[in-house]
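User: I am new to this structure and would like a close look at a single part of it. Could you choose one part, walk me through it slowly, and explain the terms as you go?

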Amino acid sequence: QALMERSKLGVSAVIYLFVLNDPERGEALQREQEYIYDFMNFRRHWISWGLGSFIENWACFRFLREQIALHASARQTVRWYHRLFDPAINPGYLRTWERILEMNREAKAQGLAFALVVYPLMVEFQAYPFEEIHRRLRKSAKHEHRAGPLAQIDVFDLLPAFQQSGFRSTQLTVHPVDLHPNAAAHTLAAQALSDWITKTGWAPQ
């Protein structure tokens, strides 16, 4: 939309903010997402343990049950994300990347700068389970440099900024069961992006 209304909006550069749950996915992965803790929203799909309503409604018991379910689901979630970025399992990832390439080509054809900014999930920055996915994205963007100036994609990965921030991931989420980035996380991301633009001179004057 911004590219189509470039003159009206005064657009001189395009930043595509990429989050790890962005790739298109097939039906099987989509169904799985409805039941996993996708490090965005904690979904409660409880199964009664047959202990009676009084015990199962007891606050301490509910907390314990949530923690057990949380750890089990987190393991499944890590696996789900890695499958999401495996083209052999999820061809939708390649279609998503092709759309990014198309946006990049269109922006460059109109004389606009284009950058892919990768926003990490708010989880365990010092033991981050998705560094390989971030590396894959950076490598894919670097590979496009070989195809000429219109294919070149500038990429900025926000993960190091979060890892070096001194914040724990739990300090940068909206709520313990809503792991979307909070205002402090967005402020950190905006400052890191601004510093990168200033340092590299990426944005046109």
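Analyst: Happy to! To start with the whole, the protein chain has 205 residues, of which 40% count as buried; buried means under 20% relative accessible area, exposed means over 50%, and partly exposed is in between (1.4 Å probe, protein chains only). This is a predicted model, in which local features need pLDDT of at least 70 and side-chain atom pairs count only at pLDDT 80 or more, while totals for chains, interfaces and linings use all residues. Residues are numbered from 1 along each chain as its sequence is written, and side-chain values use heavy atoms, with hydrogens and water left out.

The pLDDT is the predictor's confidence in each residue, from 0 to 100. Its mean over the protein chain is 81, and 72% of the residues reach 70 or more. Among the elements, helix 7 (residues 159–163) has the highest mean, 98, and helix 3 (residues 53–56) the lowest, 49. Residues 43–52 have pLDDT below 50, and this stretch makes 20 contacts in the model beyond near neighbours in sequence; contact means heavy atoms within 4.5 Å.

In all, the protein chain has 8 helices and 5 strands. These are DSSP runs numbered from the N terminus: helices are H or I with at least four residues, strands E with at least two. Along the sequence they follow the pattern α-β-α-α-α-α-β-α-β-α-β-β-α.

The part I would like to show you is the open sheet. In it, 3 strands stand in the order 1-2-3 with parallel pairing. At the edges, pairing on one side only, are strand 1 (13–19) and strand 3 (154–157). On average, neighbouring strands of this sheet are turned by 25 degrees against each other, direction ignored. Two strands pair if DSSP finds at least two bridges between them. Strand 1 shares 7 bridges with strand 2 (residues 113–119), in the parallel sense. One of the matches to look for is Ala13, whose bridge partner in strand 2 is Ala113.

Now find helix 5 (residues 92–109), which lies across strand 1 and strand 2 and runs at about 150 degrees to strand 2. Such angles run from 0 to 180 degrees between N-to-C directions, with axes as lines fitted to C-alpha atoms, for helices over the stretch in contact.

What about the rings? There are 10 aromatic pairs in the structure. Rings of Phe, Tyr and Trp (its six-membered ring) pair if their centres lie within 6.5 Å; planes under 30 degrees apart count as stacked, over 60 as edge-to-face and the rest as tilted. The Tyr119 and Phe162 pair is tilted, because the planes stand at 45 degrees, with ring centres 5.6 Å apart. Since Tyr119 lies in strand 2 and Phe162 in helix 7, this pair ties together parts that are 43 residues apart in sequence. Both Tyr119 and Phe162 are buried. Elsewhere, ring pairs link Tyr16, Phe18, Phe85 and Tyr93 into a cluster.

Finally, a short look beyond this sheet. Strand 4 (residues 173–175) and strand 5 run antiparallel and are joined by 2 bridges, with a hairpin of 2 residues leading from strand 4 to strand 5. In strand 5 (residues 178–181) the side chains alternate: Leu179 and Pro181 point to one face and are buried, whereas Asp178 and His180 point to the other and are not. Pro181 is also the bridge partner of Thr173.
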